[in-house]
Amino acid sequence: MVKLSMPAGLLLEAAIAGGVDGDHLIDVIRNKNISALHHLGKEENSWLNFFRYAEENWEDIVLAVNKGYMFKFITIRGLQNLLQTRFSFKEEEHFKIGDSWLELSLNESQLKFLQCRIPNQWAFVKQENSRYNFRAVVAHTQTIV
């Protein structure tokens, strides 16, 4: 599976969540059709940078759209952005964020999606007796019980 930078992956997720996916997304990227992405509410500069990245990494972008991808690295704020973009999560309703963790309410498909995108960096620890059923922690900084 191809690895993408956090900004590239988050913009792909925004496009997919906004209904621009598959071959249509590839055409939008190839033709740098920013007008097809305006409804997503992202800054134009972000898309222009993404188009430049896509031009330099075209095979990876096509593979990511068609077969999926993993983040090379994702920060806690990047993970928060991913949750909000992909699942329309709202802070305090679907997740709570700390300095180095997030507590989340996830169903099985959401958990699998996150584990595929961020397989080694973050660990998702099942929680009992909590409003949120998982705690996401950076895997190498926390003791996982």
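In this predicted model, four strands form an open sheet in the order E3-E4-E6-E5, and their pairing is antiparallel. At the edges of the sheet stand strand E3 (95–97) and strand E5 (122–126), each of which pairs on one side only, while the twist from one strand to the next averages 20°. As a general matter, strands of a sheet pair through backbone hydrogen bonds, either parallel or antiparallel.

The pairing of E3 with strand E4, which covers residues 101–104, is in the antiparallel sense and runs over 3 bridges; within this part of the sheet, Phe95 stands opposite Leu104 in E4. Across E3, E4, E5 and strand E6 (134–138) lies helix H5, made up of residues 76–87, and this helix runs at about 160° to E3.

The strands of the sheet can be listed with their residue ranges.

| Strand | Residues |
|---|---|
| E3 | 95–97 |
| E4 | 101–104 |
| E6 | 134–138 |
| E5 | 122–126 |

The model also has pockets to consider, and the largest pocket holds about 200 Å³ of space. Its lining is made up of Ser5, Pro7, Ala8, Leu10, Leu11, Lys42, Ser46, Asn49, Phe50, Tyr53 and Asn81. Helix H1 (6–17) and helix H3 (44–56) each supply at least two residues of the lining of this largest pocket. Sorted by class, the lining of the largest pocket has 6 nonpolar residues, 4 polar residues and 1 charged residue.

Definitions and conventions
Residues numbered from 1 in each chain as written. Predicted model: local features only at pLDDT ≥ 70, side-chain atom pairs only at ≥ 80, totals over all residues. Heavy atoms only, no water. 1 Å grid on protein atoms, 1.4 Å probe; cavity = no way out; pocket = protein on both sides within 12 Å on 5 of 7 lines; lining within 4 Å. Points joined across faces, edges and corners; volume = space filled by probe spheres on them. Nonpolar A, V, L, I, M, F, W, Y, C, P; charged D, E, K, R; others polar. Pairing = 2+ DSSP bridges. Axes fitted to C-alpha atoms, helices over the stretch in contact; angles between N-to-C directions. Contact = heavy atoms within 4.5 Å.
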